[in-house]
Each structure stands twice: as C-alpha cells, then as structure tokens.
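Colleague: I would like a close look at a single part of this model, with its surroundings described as far as they bear on it. Please state the cut-offs as you go.

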Amino acid sequence: MKLSTNFWLAEFEHSNVAKRHTPPIDNRVPEALMNNVRKLATVMQSIRDHFNHPVIISSGYRCRDLNRAVRGAPNSDHLYAAAADFIVPAFGDPYYVAKSLERDMNKLGIRQLILEFGHWIHVGVIPVAEINRVLTIDDTGVRIGIHQPE
Ligand SMILES: [Zn+2]
C-alpha cells in the first residue's frame, strides 16, 4: 500500500530482526494505528522532498514484541507508528542530515529529532516537551541539540 509519493507501508513495517526472530514477529501496523503511520509518511515525504534524495528507513513501526527484541525505549514513539529511523546517504552523513532538518523542523512537521550514535536519525511526529525536541544520543549519554559524534 502506497502512503505517499515515495513511501510504502511496507517500508514502515519491515524489520530484519522481526523476520529473523524465532518464531518470526508479525510487525504489521494495526488498523488503529493507520492514521499515525499515514501522518508519519506525510512527514517523511516532506523530509524526502527537502533533500530530494532517497530516504532509507531502518525502523518505523514496532509492535511490543519487536520493540522488546531491539531493546527500544519502553514508551517509544515507534510503538505508535509515530517515529522512523533513517539515513539519507546521497545527501551526507547523519550529522549533516540532522543539522539540515533541525533548521526546518517546524516547516517539515518534525516534533522530535534525535541523532543516534552518529549513525541514523530518529524523527517523531508526536509532540514532546520543548527540552526533548532536539537531542543527540550516543555512548556519552543524552545531550540537547545536534552534536558531532564524540
Ligand atoms: Zn527511533
């Protein structure tokens, strides 16, 4: 099912961990969360259009079992189909992607922006406290703002 010009529902459901799990984890987005994943796809499309380069999603929706398997935060926005982790390799390293998104996050509909371990970007579409809107998370902990990986 296509959710926007460049994004398919399958991209938000796909998970190698779910696929390889024994038994495999069924990570299909439930009907009750379809509105959330549509909103997420709209924001991801605005990000895709912002860079005009392919956006590669590594994690979108996570059911409880999958979130546990990947040791996700217990109340992660991924559980609600309201967050995606991704890279934009044709644009640049995740740090530069995050810096570029930070400047336009209101326009793009991004409610939370996190640079994680310098390796990928997490975007959430559920409002969070102002202090948690832009974060860098890595081995040194959580910092406010987007920072170069240590
Ligand atoms: Zn994430």
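What is the relative accessible area of Ala 69, and is the residue buried or exposed? After that, please take strand E3 and what lies around it, starting with which residues E3 spans.

Modeller: This is a predicted model, in which local features need pLDDT of at least 70 and side-chain atom pairs count only at pLDDT 80 or more, while totals for chains, interfaces and linings use all residues. Residues are numbered from 1 along each chain as its sequence is written, and side-chain values use heavy atoms, with hydrogens and water left out.

Ala 69 has a relative accessible area of 34% and is partly exposed; buried means under 20%, exposed over 50% and partly exposed in between, with a 1.4 Å probe and protein chains only. Ala 69 belongs to helix H4, residues 64-69. Helices (H or I, at least four residues) and strands (E, at least two) are DSSP runs, numbered from the N terminus. Val 17, His 21 and Ile 25 touch Ala 69, leaving aside residues up to four places away in sequence; contact means heavy atoms within 4.5 Å. Ile 56 is 13 residues from Ala 69 in sequence, and their C-alpha atoms are 21 Å apart.

Strand E3 covers residues 112-116. Five of its five residues are buried: Gln 112, Ile 114 and Glu 116 on one side, Leu 113 and Leu 115 on the other. E3 pairs with E4 (residues 120-124) in the antiparallel sense over five bridges, where pairing requires at least two DSSP bridges between two strands. Within this pair, Gln 112 is opposite Gly 124 and Leu 115 is opposite Ile 121. The two strands form a hairpin with three residues between them, and Phe 117 in the turn has a positive phi of about 55 degrees. With E5, strand E3 runs parallel and shares four bridges; Leu 113 stands opposite Val 134 there.

These strands belong to an open sheet of six with mixed pairing, in the order E1-E2-E4-E3-E5-E6. Strands E1 (56-59) and E6 (141-144) are at the edges with a single partner strand each, so one side of each has no neighbour in the sheet. From one strand to the next the twist averages 30 degrees.

Helix H5 (residues 94-103) lies across E2, E3, E4 and E5 (134-138), at about 165 degrees to E3. Axes here are lines fitted to C-alpha atoms, for helices over the stretch in contact, and angles run from 0 to 180 degrees between N-to-C directions. Helix H3 (residues 34-51) lies across E1, E2 (83-87) and E4, at about 25 degrees to E2.

The largest nonpolar core has 40 residues, and Leu 113 of E3 is among those with the most contacts inside it, as are Ile 47 and Phe 86. Such a core is a set of buried Ala, Val, Leu, Ile, Met, Phe, Trp, Tyr and Cys residues joined through side-chain atoms within 4.5 Å. Elements that each supply at least two residues include E3, E4, H3 and H5; H3 gives the largest share, eight residues. Ile 47 touches, among others, Phe 86, Leu 101 and Val 123.

E4 also holds a zinc ligand. The zinc ion is coordinated by His 78 (NE2), Asp 85 (OD) and His 122 (ND1) at 2.0 to 2.1 Å. Donors are N, O and S atoms within 2.8 Å of the metal (3.2 Å for Na, K and Ca), and water is not among the atoms, so sites may look incomplete. Two of these ligands are buried: His 78 at 2% and Asp 85 at 3%.
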